[in-house]
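Here are some short exercises to help you find your way around a structure that may be new to you. Try each task by yourself, then read the solution under it.

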Amino acid sequence: MIVVEHFEARLVKLARKGEQTAFAELVELYKDKIFHLAYRMLSNRHEAEDIVQETFLRVYKNFDRYDDKQKFSTWIYRIATNLCIDRLRKRKPNYYLDAGMNDQDGVDGYALIPGDDRTPETEYLLSETQQTIHKAIEGLPAKYKSVIILRYLQELSLQEISDVLEMPVTTVKTRVHRGREFLRKKLEHKFL
Amino acid sequence: MDCKQASSLMHDFLDDDLPHEQALELKQHLQACPSCDALYRELEQTEMLMFATIKHTAIKADDELVDRIMHQIPRQYDRQPFPKWVRRHPALTAAALFLVVMLFSAVSMWDKGEDLVVKTAESNQSQLIIEGKTVTVPEGVSIAGNLTIENGDVQILGEVQGNLTVIDGSYYQASTAHIAGEIKSIDQALDWIWYRISNVFTEVAYR
């Protein structure tokens, strides 16, 4: 673990100086983690890819603002989760989609959205158990979602989550507890 | 310990955040209370299920995503070094820019004319003999002031009271000739540029 962190710190240092290959290594190291995080947050592949791209661009542009006393992972997760939360906030409320159009009978907003048949089930060959869990996470209220995803997906400690989300540890704790309770209720009749 | 308190401790325990003594108390309560025991088992299973499934679902970004990102980066990277240098050496940049502009305008002026140009005071013009590209100051004629010939040769048989300047051409001075001022013959680009530059300064100075 120490070796990995040391290696990462060196990469960050080089990338900050403008070393392209070092930056590419960092992208390679983090792209899947960021993608997975964004995908769990947004449940949409295209949007998740956008987030990954945007995250690395911000990292690159704001390298001079990165304080190397903190972990690079904390910093990059913060950028990514903030972008995801912004994205969730900007989403139009769903009822607009459900409302029928005035001039055309039987056509609602859904008809205008290009279909994406690449659902997680078909794309990642998820088993039924995995699908159930994926749906349970998807159903989490946004403020628990980020905490839960950072906790289980990235296996961050409560302290690290509080650093990433810039909120007190006690708040993080409450959210983990509520989120866990929520998930338990969703899953209790299925597996437990 | 009541059941509400117990449920909060269960979460702390799952977070690895419960001191040993309290963990023991919790365990005692669970052994005594079947409903809390069931709840704890469910929470623990949820916890394990989450860790296990999420880790095992390999959700990966497209490989071409890296290329896309790296394509966006270099474009910004290339743009930077030049302005940085400019910001650091403003005086040098201004000087370089000035030289470049001067050079271009001088070169463009150098290329411009192939035609014979004769510059002198108007009263002198009728006294000069111009044949093709050769300008002659006939014997016994006196040119008041300066005479400048561009793109042509000049033959001096008479007198020039000012300076004689020949650009891109040659001059011939007969034994009868008399030139009061300086004689300048310019046929190299560099000389010519220098002449232009010093001309600009003298013109500015006398204006």
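## Exercise 1: a charged patch

Asp187(B) is partly exposed, its relative accessible area being 46%. Keep in mind that you are looking at a predicted model.

**Task.** Work out where Asp187(B) sits in chain B and which residues form a negative surface patch with Asp187(B).

**Solution.**
- Step 1: Go to the loop between strand S11 (183-186) and helix H8 (189-206) of chain B; Asp187(B) is found there.
- Step 2: Check the cover. Partly exposed means between 20% and 50% relative accessible area, and Asp187(B) has 46%.
- Step 3: Add the partners. Glu114(B), Asp115(B), Asp168(B) and Asp191(B) form the negative surface patch together with Asp187(B).

## Exercise 2: a nonpolar patch

**Task.** Find out which residues form a nonpolar patch on the surface with Val204(B), and say whether Val204(B) is buried or exposed.

**Solution.**
- Step 1: Look at helix H8 of chain B, where Val204(B) lies.
- Step 2: Val200(B) and Phe201(B) join Val204(B) in the patch, and together the three have about 300 Å² of accessible area.
- Step 3: Exposed means over 50%. Val204(B) has 55% relative accessibility, so it counts as exposed.

## Exercise 3: aromatic rings

**Task.** Say how the rings of Phe23(A) and Tyr60(A) are arranged, and which parts of chain A this pair links.

**Solution.**
- Step 1: Start with the total: there are 13 aromatic pairs over all chains.
- Step 2: Take one pair. Phe23(A) and Tyr60(A) have ring centres 5.0 Å apart, and with the planes at 85° the pair is edge-to-face. The cut-off for that name is an angle over 60 degrees.
- Step 3: Place the two rings. Phe23(A) is in helix H2 (residues 20-42) and Tyr60(A) in helix H3 (residues 45-61) of chain A, so to speak 37 residues apart.
- Step 4: Check the cover. Phe23(A) is buried at 1% relative accessible area, and Tyr60(A) is buried at 14%.
- Step 5: Try another pair. The rings of Tyr30(A) and Phe72(A) are edge-to-face, with centres 5.5 Å apart and planes at 70°. Tyr30(A) lies in helix H2 and Phe72(A) in helix H4 (residues 72-90) of chain A, so this pair ties together parts 42 residues apart in sequence. Both Tyr30(A) and Phe72(A) are buried.
- Step 6: Put the rings together. Ring pairs link a cluster whose members include Phe23(A), Tyr30(A), Tyr60(A), Phe72(A) and Trp75(A).

## Exercise 4: salt bridges in chain A

**Task.** Find which residue forms a salt bridge with Arg91(A), and which parts of the chain Asp50(A) and Arg87(A) link.

**Solution.**
- Step 1: Begin with the whole structure, which has 24 salt bridges over all chains.
- Step 2: Arg91(A) pairs with Glu47(A), and their closest N and O atoms are 2.7 Å apart.
- Step 3: Arg91(A) lies in the loop between H4 and helix H5 (95-98) and Glu47(A) in helix H3 of chain A, so the bridge ties together parts 44 residues apart in sequence.
- Step 4: Arg91(A) is partly exposed at 34%, while Glu47(A) counts as buried at 17%.
- Step 5: Asp50(A) and Arg87(A) also meet in a salt bridge, at 3.9 Å from N to O. This pair links helix H3, which holds Asp50(A), with helix H4, which holds Arg87(A), 37 residues apart.

## Exercise 5: a salt-bridge network

**Task.** Locate the salt bridge between Arg68(B) and Glu64(B), then list the network that contains these two residues.

**Solution.**
- Step 1: The N to O distance between the side chains of Arg68(B) and Glu64(B) is 2.8 Å.
- Step 2: Both residues lie in helix H4 (residues 64-79) of chain B, four residues apart, about one turn of the helix.
- Step 3: Arg68(B) counts as partly exposed at 30%, and Glu64(B) is partly exposed at 42%.
- Step 4: Salt bridges with shared partners join Arg68(B) and Glu64(B) with Arg45(A), Glu49(A) and Asp62(B) in one network.

## Exercise 6: positive phi

**Task.** Find where Asp16(B) is placed, and say what its phi is.

**Solution.**
- Step 1: Look in the loop between helix H1 (3-14) and helix H2 (20-32) of chain B for Asp16(B).
- Step 2: Asp16(B) is not a glycine, yet it has a positive phi of about 65°.
- Step 3: Asp16(B) is exposed, with 73% relative accessible area.

Note on methods
Residues are numbered from 1 along each chain as its sequence is written. Chains are lettered from A and ligands numbered from 1 in the order in which they are written. This is a predicted model: local features need pLDDT of at least 70, side-chain atom pairs count only at pLDDT 80 or more; totals for chains, interfaces and linings use all residues. Side-chain values use heavy atoms; hydrogens and water are left out. Patches are made of residues with over 30% relative accessible area and no salt bridge: like charges are joined within 9 Å, nonpolar side chains (Val, Leu, Ile, Met, Phe, Trp, Tyr) within 5 Å. Accessible areas come from the Shrake-Rupley method with a 1.4 Å probe; for residues, only the protein chains shown count as cover. A salt bridge is a side-chain nitrogen of Lys or Arg within 4 Å of a carboxyl oxygen of Asp or Glu. Lys and Arg count as positive and Asp and Glu as negative; His and the chain ends are not counted. The place of a charge is taken as NZ of Lys, CZ of Arg, CG of Asp or CD of Glu. Helices (H or I, at least four residues) and strands (E, at least two) are DSSP runs, numbered from the N terminus. Buried means under 20% relative accessible area, exposed over 50%, partly exposed in between (1.4 Å probe, protein chains only). Rings of Phe, Tyr and Trp (its six-membered ring) pair if their centres lie within 6.5 Å; planes under 30 degrees apart count as stacked, over 60 as edge-to-face and the rest as tilted.
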